[in-house]
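Please open the structure in your viewer and keep the selection tool at hand. The stops below tell you what to select next and what you will find there.

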Amino acid sequence: SFSQNKMSGRVIDSETNLPIQNAEIVDVSSNSPLLTNKAGSFKVSNSGSYIIKKEGYFALELYISVKDYIIVQLRKTPSLLEEIVVNANHLPRNLSWETAAVSLISQENIELANNTEFAPILNRVPGVFMQNGALNTNRITIRGIGARNLFGTSKIRAYFKDIPLTNGSGETILEDFELESIASMEIIKGATSSSYGAGLGGTVILKPQNAYLKSSNALTELQIGSFGLLKTTTNINLGFDRNSFRVVYSNTNSDGFRDNNNYNRQTFTINSNHYLNENNDISIFGSFVDLKAFIPSSLSAEDFNNNPEQAAFNWASARGFEDSKRGLLGVTWNHNYKYNLKQIISVFTSIRENFEPRPFNVLDENSLAFGIRSRLIGNTKLFNKNFNFVLGGEFFQDYYKNKTFENLYQDFPPGTGSISGERLSDFKERRMYYNFFAEADYDVSEKTLVSIGLNMNQTNYKLDDRFPVSENNSDQSGDFRFNAILSPKFGISHQFTESISFFSSISHGFSPISLNETLLPDGQINTELKPETGWNFEIGSRGRLFKDKLVYSASIYRLNISNLVVSRRTAQDEFIGINAGKTRHDGLELQLDYHLISKKQFNIEPFLTYTLNNFRFDEFIDGNDDFSGNDLTGVPDQILNIGASFSTKYGLYGNINHQYVGQMPITDSNSLYSESYTLTNIKIGFKRHLADALSFNVFFGLNNIFDEKYASQILINANSFGGQPPRYFYPGNPVNYFSGIRLNYDF
């Protein structure tokens with residue numbers, strides 16, 4: 001009877017746009033139900049009022065006409081583990097069935113802190129650690145991968161919707177994006193997702209706030225805080241029957257805790273969805289960021305202990321800063337061939353312009369990138385068992401230009417700041433890669449799922465040295481092509497009981513090396529340098545205990561890395577890359593969420609996340625130094641978060657989070673470690689409806705309430721120049737507050 005009725009619509013998740021299978025469509029007049037299929041589609045024979053419901057979602061009653069095609073968006077309620085759906089490999093599945101270590105950061109998790117910094121949010125995720133020297137100076141590591149990158153985040157892939165945020169050299173910038181525009185994040189830990197490039201550390205997927213159909217609202221927020229923080233945000237949703245638009249604008253200003261620490265950022269984000277007919281829909285995503293942020297840089301141990309507010313002397317004298325503009329634009333077409341086979345194609349482009357005066361030179365750079373992702377997703381029966389698969393590919397190419405100039409700030413009166421002098425270098429790079437990937441899930445039995453995947457990557461660089469050849473400058477032009485890398489994976493998940501599941505996986509991954517790392521001191525390209533590769537071995541469990549009050553996930557893993565790429569410093573701003581050995585990453589990750597009190601009038605939920613890192617150099621010989629057996633540099637030995645959140649029927653809500661971060665090796669010789677530290681943050685708020693269409697939310701928070709002195713970021717293996725001591729430490733903010741008010745009006 002399903003196939004004989006006229007198509008009437010599709011039921012999808014309002015946040016992810018993923019189809020909802022087995023949603024009930026109940027005819028109010030006859031009380032007869034029917035279910036949506038795997039594509040979320042349904043058919044009805046009579047026009048009338050219907051109730052659409054699914055466990056884990058708010059029920060919705062609406063009028064459906066057999067003459068019209070309708071899209072129904074259901075909004076999630078607070079979910080149990082078995083209702084959480086992740087899309088880590090483009091094959092949506094319940095988290096309880098996932099064969100890899102995947103963490104989901106919901107919008108509720110994002111709102112536990114202020115909406116200015118990524119670090120407090122990411123650092124609650126086991127296995128993830130974000131160091132932040134300033135709002136624009138950050139480094140993210142996942143399971144220790146990326147810790148050896150001196151500046152910024154590298155060797156971790158990231159996407160905003162379907163648009164890669166990782167450039168052709170493997171570098172990623174997340175912190176510039178507006179948190180208000182993000183609905184959720186998925187973090188895939190380890191080299192376990194063939195569909196996203198099989199990166200060694202894993203992948204961070206940012207999901208934008210969706211545009212909702214058939215509803216319109218406007219939200220505005222004003223936030224103030226310590227160190228001159230002033231932030232305004234406007235979030236507008238316009239929803240029609242089949243078309244919806246969401247626009248988010250923000251303006252963030254801060255003087256910063258330290259000297260030469262001013263920060264100004266404006267962002268504009270748009271996300272729209274257009275459902276053309278029952279088989280085709282298009283979504284458009286765009287983001288623009290305009291940032292100017294001064295750079296205080298790192299401090300020596302003496303300055304860190306005695307005067308952490310100051311900027312590094314040379315950066316303060318040069319008044320170093322970055323002035324950056326970046327934009328992203330992507331269009332995604334979703335076509336259903338039939339209910340069990342669809343194709344998704346995304347085309348995207350991005351631009352970035354950056355001007356950065358540093359004490360040692362002035363950098364002027366820009367890049368233009370474009371690419372396409374396509375995947376065919378299907379499900380069928382194999383030996384009468386469910387078989388889901390995805391086949392696809394991604395092509396990415398960017399053109400990167402950079403010039404450096406002398407910085408003549410020392411030739412002018414103090415306070416003048418940076419002045420560009422003669423040109424020192426002029427490069428143009430073309431960086432290109434493609435990924436082909438395939439993944440499949442097979443239900444071996446009602447309780448066991450097997451997942452397999454394969455990724456093939458080919459990367460190449462072309463460098464054009466446009467600086468005149470002279471006695472002191474050789475021509476560094478050349479081509480560099482990596483051999484194709486095949487990265488397989490295998491995973492299995494078994495439902496031990498209705499409430500407890502186990503998973504295990506074996507996977508291979510790699511991290512591309514940057515063109516700069518391939519350049520030798522004489523200007524030639526080192527064609528012998530190899531990318532880092534590794535194997536990840538993992539077992540874990542997820543489940544619910546004590547009558548579903550306790551939700552847990554736990555995993556232990558070993559990640560073996562070969563061809564460790566080490567950046568060896570040859571001058572103040574010159575590095576070369578060498579393959580120096582192997583590392584072994586052994587770790588344990590644990591997350592507990594406990595529903596202590598779950599009543600209509602009052603809810604309180606304690607939580608705990610714990611990360612234990614035992615990362616070592618298996619083999620590491622750098623010149624005459626043998627660091628084999630030493631602790632891996634730049635990663636804490638353990639991280640603990642413990643706290644609780646609460647909410648009441650009357651609008652009062654809040655949370656407290658206590659974080660412990662263990663000591664970190666600062667040098668490869670392990671002769672110096674950072675001190676462990678603890679941070680305690682709180683946030684309380686009150687939200688109510690003033691009228692049917694108008695609501696407000698006021699909040700106040702304190703970070704580092706016990707005024708702990710700590711290093712929020714470490715510069716590993718820092719060298720000294722000009723007789724000055726090495727500068728290892730970025731001071732963290734002392735006790736500071738934030739407060740704001742949010743108004744929401746439904747049209």
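The tour that follows goes through sheets, cores, a loop residue and some aromatic rings, and it should be read with the reminder that this is a predicted model.

**Stop 1: a four-stranded sheet**

Begin by selecting the strands β3, β2, β5 and β6, which in that order form an open sheet with antiparallel pairing. At the edges of this sheet stand β3 (33-35) and β6 (60-64), and because each has a single partner strand, one side of each is left without a neighbour in the sheet. If you look from one strand to the next, the twist averages 30°. Now narrow the selection to β2 (residues 24-27) and β5 (residues 48-53), two antiparallel strands that are joined by four bridges. To find one of the bridged positions, select V26, whose bridge partner in β5 is I51. As general background, the strands of a sheet pair through backbone hydrogen bonds, and they may do so in either the parallel or the antiparallel sense.

**Stop 2: a five-stranded sheet**

Next, select β10, β17, β18, β14 and β15, five strands that make up an open sheet in that order, this time with mixed pairing. The edge strands here are β10 (101-105) and β15 (163-164), each of which pairs on one side only. Within the sheet, look at β14 together with β18, since these two strands pair in the parallel sense over four bridges. Selecting A158 leads you across to β18, where its bridge partner is V204.

**Stop 3: the largest nonpolar core**

Keep β17 and β18 on display, and move on to the side chains. Which residues have the most contacts inside the largest nonpolar core? They are L122 and M185, in a core that has 34 residues. Two or more residues each come from α2 (119-122), β11 (128-134), β12 (137-142), β14 (157-160), β17 (182-189) and β18 (202-208). Of the contributing elements, β17 gives the most to this core, with four residues. Select M185 and display what surrounds it: leaving out residues up to four places away in sequence, M185 touches S103, L104, I105, I110, F118, I121, L122, L179, I205 and L206. Another core, of 19 residues, lies apart from this one, and you can locate it by selecting some of its members, among them F129, F304, I639 and F729.

**Stop 4: a loop residue**

Now select E175, which is found in the loop between β16 (171-172) and β17. Is E175 buried or exposed? Its relative accessibility is 10%, and therefore E175 counts as buried, the cut-off for buried being under 20%. Apart from its neighbours within four places in sequence, E175 is in contact with F118, M130, L135, N136, N138 and R265. Take F118 from that list and draw a line between the two C-alpha atoms: E175 and F118 are 57 residues apart in sequence, but the line in space spans 6.3 Å.

**Stop 5: aromatic rings**

For the next stop, colour the aromatic residues, which form 24 aromatic pairs in the whole structure. Select F620 and F627, an edge-to-face pair with 5.3 Å from centre to centre and 65° between the planes. F620 counts as buried because its relative accessibility is 0%, and F627 also counts as buried, at 12%. Then select F160, F177 and F285, which ring pairs link into a cluster. Some rings have a charged side chain over them: R143 lies over the face of Y557, at 3.9 Å from the ring centre, while the charged end of K687 sits over the ring of Y653, 5.1 Å from its centre.

**Stop 6: strand β31 and its partners**

Finally, select β31 (residues 485-495) and compare its two faces. The covered face consists of I485, S487, K489, G491, S493 and Q495, whereas L486, P488, F490, I492 and H494 make up the uncovered one. Add β29 (residues 448-465), which pairs with β31 in the antiparallel sense over 10 bridges, and note that G453 stands opposite K489 in β31. Then add β32 (residues 500-511), an antiparallel strand that seven bridges join to β31. Here Q495 has S501 in β32 as its bridge partner, and the strands β31 and β32 form a hairpin with four residues between them.

Key: Residues numbered from 1 in each chain as written. Predicted model: local features only at pLDDT ≥ 70, side-chain atom pairs only at ≥ 80, totals over all residues. Heavy atoms only, no water. Core = buried A, V, L, I, M, F, W, Y, C linked by side-chain atoms within 4.5 Å. Buried < 20%, exposed > 50% of the residue type's maximum accessible area, 1.4 Å probe, protein only. Contact = heavy atoms within 4.5 Å. Pairing = 2+ DSSP bridges. Phe/Tyr/Trp six-rings, centres within 6.5 Å; stacked < 30°, edge-to-face > 60°. Lys NZ or Arg CZ within 6 Å of the ring centre and 35° of its normal. Axes fitted to C-alpha atoms, helices over the stretch in contact; angles between N-to-C directions.
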